[in-house]
Amino acid sequence: MTLGKAGDLKIITSGAFAAALVKLLPAFEARFDSSIDLQFGSSLGAAKDSIPTRLSQGERFDVFCLAAAAVERHAAEGVIDQESRIDLVESHIGAMVREQDPAPDIGSVEAFRQTLLNAKSIAHAASASGIYLSTEVFPALGIAEQMKQTARTIYSERVGSVVARGEADLGFQQISEILPIQGVKVVGRLPEEYRRPFVFCAGIGAQSERREDAKALLRYLASEEAGAAIRETGLDPLFPEVA
């Protein structure tokens, strides 16, 4: 099967699903004799390369792969076709340190709290995971004020890169975004009490002229065939049906 040839199929993704797409898209392109323009950006924030900023500047995409909240927001804005949304994967936040550093204890709530307080510098993402930590987890642990002094939000690059350079002692991001970064290691998921799976979705751009091609891609990403590669990147596939 050959996809339509009206230029590249334009896809934009936030970080959590990026590694999976990089692994999966070459096989899709070969099978469907297609060409895909894959773009990356944070799903939230006002950084120059964030997805909200790019949309505000008039960029349009055929397929979006984003956290559920971002898909819902863009659907309400008329950017994504709400009827096309599928829930692709679940993702978890992981803690990381430099590869050569000892792994701190985050196995219980109290140990996690003490590890956060002991860290001289903490980095977290500007997307859904970082917002969850700063607005829910830190306050629930009673350390929101202390974290204002030691924790910072990272824009326009992976948190792992910051940790690998030694610019933060402890970092947090979706595990699928940590694994590709050299020089860091995953300590583990958050304690059970604060462990929240984030759903990442795909949807078709409301103004896309490549709807059938976009649907073919969504079917592929949702397939059992794609599941193995998705798991390798630290995500849990959900195998949704695509109408």
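How many bridges pair strand E3 (residues 63-67) with strand E10 (residues 198-204), and is the sense of that pairing parallel or antiparallel? Select both strands in this predicted model, and five bridges will be found between E3 and E10, in the antiparallel sense. Within this pairing, Phe64 stands opposite Gly203 of E10.

**The six-stranded sheet**

Widen the selection to the open sheet of six strands, whose order is E2-E1-E3-E10-E4-E11 and whose pairing is mixed. Its edges are strand E2 (36-40) and strand E11 (236-237), each of which pairs on one side only. Next, select helix H1 (residues 18-32), which packs on the sheet and touches strand E1 (9-13), E2 and E3, with its direction at about 175° to that of E2. Then add helix H9 (residues 211-221), which lies across E1, E3, strand E4 (86-91) and E10, and which runs at about 155° to E10.

Staying with the sheet, move to E4, which is joined to E10 by five bridges in an antiparallel arrangement; here Glu90 stands opposite Val199 in E10. E4 is also joined to E11, again antiparallel, through two bridges, and the bridge partner of Val89 in E11 is Pro237.

**Helix H10 and the residue after it**

Select helix H10 (residues 224-232), where Ala226, Gly227, Ala229 and Ile230 are buried. The buried residues of H10 pack against H1, E4, H9 and E11, so it is useful to display these elements together with the helix. Following H10 comes Gly234, which has a positive phi, near 90°.**Aromatic rings**

Turn now to the aromatic side chains, among which the count comes to five pairs. One of them is formed by Phe61 and Phe64, an edge-to-face pair with 5.8 Å from centre to centre and 80° between the planes; Phe61 and Phe64 are both buried. For another pair, select Tyr132 and Phe198, whose ring centres are 5.8 Å apart and whose planes stand at 75°, so this pair is edge-to-face. Because Tyr132 lies in helix H5 (residues 128-140) and Phe198 in strand E10, the pair ties together parts that are 66 residues apart in sequence. Tyr132 has a relative accessibility of 7% and therefore counts as buried, and Phe198, at 10%, counts as buried too.

Return to Phe61 and show Lys10 beside it: the charged end of Lys10 sits over the ring of Phe61, 5.1 Å from the centre of that ring. Then select Phe28, Phe32 and Tyr220, which form one aromatic cluster.

**Strand E8 and its partners**

Is strand E8 (residues 170-174) enclosed or open to the outside? Five of its five residues are buried, so E8 is largely enclosed by the rest of the structure. Select strand E5 (residues 93-98) alongside E8, and four bridges are found joining the two in an antiparallel arrangement; in this pairing, Met96 has Gly171 of E8 as its bridge partner. Strand E6 (residues 122-125) also pairs with E8, in the parallel sense and over three bridges, with His124 standing opposite Phe172 in E8.

**The nonpolar cores**

Phe172 is a convenient point from which to move to the interior, as a display of the largest nonpolar core, which has 55 residues, will include it. Those with the most contacts inside this core are Phe17, Leu116, Phe172 and Leu221. Centre the view on Leu116 and, leaving aside residues up to four places away in sequence, the residues it touches are Ile122, Phe138, Leu141, Ile143, Met147, Leu170 and Phe172. A second core, separate from this one, has 13 residues, including Leu66, Ala68, Ala75 and Cys201.

**A last stop in helix H4**

Finally, select Ala111, whose place is in helix H4 (residues 109-118). With a relative accessibility of 14%, under the 20% limit, Ala111 counts as buried. Add Val137 to the selection: the two residues are 26 apart along the chain, and the C-alpha atoms of Ala111 and Val137 are separated by 14 Å.

Conventions: Residues numbered from 1 in each chain as written. Predicted model: local features only at pLDDT ≥ 70, side-chain atom pairs only at ≥ 80, totals over all residues. Heavy atoms only, no water. Buried < 20%, exposed > 50% of the residue type's maximum accessible area, 1.4 Å probe, protein only. Pairing = 2+ DSSP bridges. Contact = heavy atoms within 4.5 Å. Axes fitted to C-alpha atoms, helices over the stretch in contact; angles between N-to-C directions. Phe/Tyr/Trp six-rings, centres within 6.5 Å; stacked < 30°, edge-to-face > 60°. Lys NZ or Arg CZ within 6 Å of the ring centre and 35° of its normal. Core = buried A, V, L, I, M, F, W, Y, C linked by side-chain atoms within 4.5 Å.
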